[in-house]
Amino acid sequence: MSGAFGPPGRPPEVVAQRSGFKDLFTGAGYLFRGLGWVARRPGQWLFGLIPALIVLAVYGTALVLLAFQVDDLAGWVTGFADGWSDAARSSARVVAGIAIFGSALFLALITFTAVTLLVGDPFYEAIAVRVEESRGGAPPDPEVPLMVSIGRAVKDTLILGVVALGFAVVFFACGFVPVIGQTVVPVTAGLVSGYFLAGELSSVALERRGILRKERFARMRANRALVVGFGAATVVVFLIPLGAVLAMPGAVAGGTLLARERLADGPETAAGLVTPGGGGPAAYH
C-alpha cells in the first residue's frame with residue numbers, strides 16, 4: 001500500500017533525502033538557465049557588466065594589497081610561535097596566511113554580490129524586470145520612496161556584512177585545525193557563502209513583490225537544498241578568474257527565475273502583472 005509520503009516500502013526520510021538531493025541539482029540548474037537567458041541577449045549581458053566591473057576593480061585592488069601583506073599579518077597572528085623550531089614556525093605561518101586570505105576571499109565572495117547589487121541597482125532591476133517579462137509579466141514597481149529603498153538596501157548590505165564577518169572569523173579559527181581546516185572548512189565556507197549569495201541574487205525579484213529580508217530568508221530556509229544548489233554553483237563560477245564579473249548578469253537572471261518560480265507565491269498569483277510594452281496590469285498567461 002502506498003504511503004502518504006512516498007512509494008511503498010520507502011520511509012519518508014529517504015524520500016526527503018532524495019528530494020533534497022534532487023533540489024540541489026535543480027537549484028544549480030537555475031544558474032545555467034540564467035546564463036542561457038543572457039547568452040541569448042548579449043545586450044543585457046553587456047549592460048549588466050558595468051557595475052560588476054566597478055566593484056571588481058575595488059575588491060581586486062584590496063585583495064592584491066592583502067596578498068602583499070599576508071606574510072606580515074601571518075607573522076603577527078602567530079607571534080606565539082616565535083620560540084618554535086623553524087619548521088614548526090614556518091608551518092604555522094603558512095596555515096595562518098592561508099586562513100587569513102581564505103577568510104578575506106570568503107568575505108569578498110559574500111559581500112561582492114551585495115555591494116554590486118547596491119551599486120548597480122538600476123541595472124539589475126532592469127534585467128530582473130526583463131527576465132520576468134520574458135516569462136509572462138513582471139509585478140508593478142512597489143510604491144516605496146527612493147530614499148526608503150536606498151536606506152533599506154544599505155541596511156541589508158551592512159547586516160549581511162556583519163554576518164559574513166562573523167562566519168569569516170569562525171572559518172579563520174577553524175582553518176588552524178589540521179586536515180579539517182584544509183578540507184571540510186573550505187567546502188562548508190563555499191556552501192554558506194552560496195546560501196547568502198542566493199539570498200542576494202533573488203532579492204531584486206522578491207523585494208519587487210514586497211517580500212523583504214526576514215521573509216526572504218524564511219522562504220529560503222523552507223527551500224534550503226534548492227537555494228544552496230543555486231548558490232554553490234554560483235560560488236564555483238565566481239571563483240573562476242573574472243567569473244564573478246562575467247557571470248553576474250546571468251546570476252541575477254537565474255536568481256530572478258528562482259524567486260519567481262520557487263520562492264515567491266508564483267507568477268499565477270501575483271496581482272497586476274505588467275506585460276512587455278504594457279503600462280498597466282495584465283493577466284498572466
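Which pattern does the chain follow when read along the sequence? With the whole of this predicted model in view, trace the chain from its start: the pattern is α-α-α-α-α-α-α-α-α-α-α-β-β. Colouring by secondary structure should accordingly display 11 helices and 2 strands.

**The whole chain**

Keep all 285 residues selected and colour them by accessibility; 42% of them are buried. A surface representation covers about 14500 Å² of accessible area, and carbon and sulfur atoms account for 70% of that area. For a contact map, consider pairs at least 6 apart in sequence: of these contacts, 78% join residues at least 24 apart.

**The nonpolar cores**

Next, select Phe106, Phe112, Tyr124, Phe230, Phe238, Met248 and Val252. These residues have the most contacts inside the largest nonpolar core, which has 58 residues. Centre the view on phenylalanine 112 and set aside its neighbours within four places in sequence. The residues in contact with phenylalanine 112 are then Ala52, Val55, Leu56, Tyr59, Ala244 and Met248. Now move to Leu66, Val70, Ile100 and Ala104, which are among the 6 residues of a second, separate core.

**Salt bridges between helices H1 and H11**

The structure holds 7 salt bridges. Select arginine 262 and aspartate 23, which form one of them, with their closest N and O atoms 4.0 Å apart. Arginine 262 belongs to helix H11 (residues 248–263) and aspartate 23 to helix H1 (residues 12–39), so this pair ties together parts that are 239 residues apart in sequence. Arginine 262 is partly exposed, at a relative accessible area of 32%.

Select arginine 33 and glutamate 261 next; in this salt bridge the closest N and O atoms are 2.8 Å apart. Because arginine 33 lies in helix H1 and glutamate 261 in helix H11, the pair ties together parts 228 residues apart in sequence. Arginine 33 is partly exposed, with a relative accessible area of 35%, and glutamate 261 is also partly exposed, at 33%.

**A salt bridge within helix H8**

Turn to helix H8 (residues 213–222), where arginine 219 and glutamate 215 lie 4 residues apart, about one turn of the helix. Their salt bridge has its closest N and O atoms 2.8 Å apart. Is arginine 219 buried or exposed? At 18% relative accessibility, arginine 219 counts as buried, because the cut-off for burial is under 20%. Glutamate 215, by contrast, is partly exposed, with a relative accessible area of 37%.

**A linked network**

Finally, select Glu132, Arg209 and Arg260, which are linked in a network of salt bridges.

Notes. Residues are numbered from 1 along each chain as its sequence is written. This is a predicted model: local features need pLDDT of at least 70, side-chain atom pairs count only at pLDDT 80 or more; totals for chains, interfaces and linings use all residues. Side-chain values use heavy atoms; hydrogens and water are left out. Buried means under 20% relative accessible area, exposed over 50%, partly exposed in between (1.4 Å probe, protein chains only). Contact means heavy atoms within 4.5 Å. Accessible areas come from the Shrake-Rupley method with a 1.4 Å probe; for residues, only the protein chains shown count as cover. A nonpolar core is a set of buried Ala, Val, Leu, Ile, Met, Phe, Trp, Tyr and Cys residues joined through side-chain atoms within 4.5 Å. A salt bridge is a side-chain nitrogen of Lys or Arg within 4 Å of a carboxyl oxygen of Asp or Glu.
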